[in-house]
Amino acid sequence: MGGFVMDTRRWPVPLQPGLVYGPIASKRLGRSLGINLSGIKRKLCNYNCVYCFYGPTSHPPEPQEFPPVDDVIAAVTAALNSIPDVDWLTFSGNGESTLHPEFPRLVKEVRSVAGEVRPWLPVALLSNGSTAIDPSLRETLTMFDLPVLKLDAGDAETHAAVNRPVDKGVSFEPIVEGLRMAAGTGKLVIQSVMFDGKPSNSRGRPYHRWLETLNDIQPAALQLYTLDHPVGPVNPIDTGRLDRIARDVEGLGIKVKVYREVNT
Ligand code: SF4
């Protein structure tokens, strides 16, 4: 999913170099210590988003490419014992955390370690949402204080053009169904990046389908972004358009927080 990269004017931005990174000063989460389950050699993601700041996804991840649970727990424990000033622990990093073959166990163990060292420390997830249809992963979402899942499209055609899954097993309708079920917890936050260009998700039919889908899901809140610079064929939308989109979403009874830059 990526996140918390401060200088996205360099494209692609370098991968996070460790299993734990930061703490990063995040506009959303204050001082956030990132947990990177996607390893350090390449972006491990099932999407190839048209705007991805880590550059193109060459092929889907293999299970053996993800780091062992013990290594992640050791890195998180060491960081928590040595870094005093942290507001959030956040699963993000070089790709999609929920694809880790032992994601539910990992989250449980991270919560357990964090509970011993800093019982008050909240835990967030930034995910592309593609695995929300899996019941065990949806169950795992309930372990997060803040689960943030992506929705950049409201129809299969726009999803294919924007998020460009590299895993042929990923399809749009089941994802929406999974997000709708995940929203039942009352904690689900959706993150959407809106842009113009080819493709665009901020105007015309793709935009109206996105609004309808959001209304259908009814998340607890929306984090609304645009890009902070053009990436390949897509461009940021202006502040006025972003604010009008926010008003449209608020009209659905969904709380909105607008961010002027992606990844913060
Ligand atoms: S979900 Fe998209 S933006 Fe996030 S890491 Fe994967 S390809 Fe990049």
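Student: Which residues does Gln16 touch, if I leave out those up to four places away in sequence?

Tutor: Two residues are in contact if their C-beta atoms, placed from the backbone, lie within 7 Å. In this predicted model, Gln16 touches Tyr21, Gly34, Asn36, Gly93 and Asn94 once residues up to four places away are set aside. Gln16 itself lies in the segment before strand 1.

Student: Is Gln16 buried or exposed?

Tutor: To decide, count the other C-beta atoms within 10 Å: 20 or more means buried, 12 or fewer means exposed, and partly exposed covers what lies in between. Gln16 has 25 such atoms, so Gln16 is buried. A separation in space is another thing to read here: the C-alpha atoms of Gln16 and Asp167 are separated by 23 Å, and the two residues are 151 apart along the chain.

Student: Let me try the count on other residues. How do Ala25 and Thr239 come out?

Tutor: Ala25, found in strand 1 (residues 20-26), has 13 other C-beta atoms within 10 Å and is therefore partly exposed. Thr239 lies in helix 7 (residues 239-250); this residue counts as exposed because 11 C-beta neighbours are inside 10 Å.

Student: How far apart in space are Ala25 and Arg105, and Thr239 and Val258?

Tutor: Ala25 and Arg105 are 28 Å apart from C-alpha to C-alpha, with their positions 80 residues apart in sequence. The C-alpha atoms of Thr239 and Val258 are separated by 9.7 Å, and these two residues are 19 apart along the chain.

Student: Let us step back to the whole chain. How many helices and strands are there?

Tutor: The protein chain holds 7 helices and 10 strands. Along the principal axes, the C-alpha atoms fill a box of roughly 50 × 35 × 35 Å. Buried residues account for 46% of the 264 residues.

Student: Why does the radius of gyration agree with a compact globule?

Tutor: The idea is to compare the value with what the chain length suggests. A compact globule of 264 residues would have a radius of gyration near 18 Å, and the protein chain has 17 Å, so the two agree. You can also look at sequence separation: among contacts between residues at least 6 apart in sequence, 76% join residues at least 24 apart.

Student: Which residues have the most contacts inside the largest nonpolar core?

Tutor: They are Ile35, Tyr51, Val110, Ala124, Leu179 and Ile190, in a core of 65 residues. Helix 2 (residues 103-117) gives the most to this core, contributing 5 residues. Take Val110 as a case: leaving aside residues up to four places away in sequence, Val110 touches Ile35, Ile73, Val76, Leu89 and Val123.

Student: Now for a pair of helices. At what angle do helix 5 and helix 6 pack?

Tutor: Helix 5 (residues 172-182) and helix 6 (residues 204-217) meet at about 40 degrees, and their axes are 8 Å apart. An angle under 35 degrees would count as roughly parallel and 65 to 115 as roughly perpendicular, so helix 5 is oblique to helix 6. Val176, Leu179 and Arg180 of helix 5 make the contact with Thr213, Asp216 and Ile217 of helix 6. Sorted by kind, the residues of this contact are 3 nonpolar, 1 polar and 2 charged.

Student: What should I look for in the backbone itself?

Tutor: Start with the peptide bonds. One cis peptide bond joins Gly22 and Pro23, with omega about 10 degrees, and Pro23 has its place in strand 1. A cis peptide bond also joins Lys198 and Pro199, where omega is about 10 degrees. Pro199 sits in the loop between strand 7 (196-197) and helix 6.

Student: And what is phi at Arg164 and at Gln218?

Tutor: The thing to spot is a positive phi in a residue other than glycine. At Arg164, phi is near 45 degrees; at Gln218, phi is near 50 degrees.

Student: Where do Arg164 and Gln218 lie?

Tutor: Arg164 is in the loop between helix 4 (156-162) and helix 5, while Gln218 is in the loop between helix 6 and strand 8 (221-226). Arg164 counts as partly exposed because 16 C-beta neighbours are inside 10 Å. Gln218 has 16 other C-beta atoms within 10 Å, so Gln218 is partly exposed.

Notes:
Residues are numbered from 1 along each chain as its sequence is written. This is a predicted model: local features need pLDDT of at least 70, side-chain atom pairs count only at pLDDT 80 or more; totals for chains, interfaces and linings use all residues. Helices (H or I, at least four residues) and strands (E, at least two) are DSSP runs, numbered from the N terminus. The radius of gyration is taken over C-alpha atoms; the globule rule is 2.2 Å times the number of residues to the power 0.38. Axes are lines fitted to C-alpha atoms, for helices over the stretch in contact, and angles run from 0 to 180 degrees between N-to-C directions. Angles under 35 degrees count as roughly parallel, over 145 as roughly antiparallel, 65 to 115 as roughly perpendicular and the rest as oblique. Ala, Val, Leu, Ile, Met, Phe, Trp, Tyr, Cys and Pro count as nonpolar, Asp, Glu, Lys and Arg as charged, and the others, Gly among them, as polar. A nonpolar core is a set of buried Ala, Val, Leu, Ile, Met, Phe, Trp, Tyr and Cys residues joined through C-beta atoms within 7 Å.
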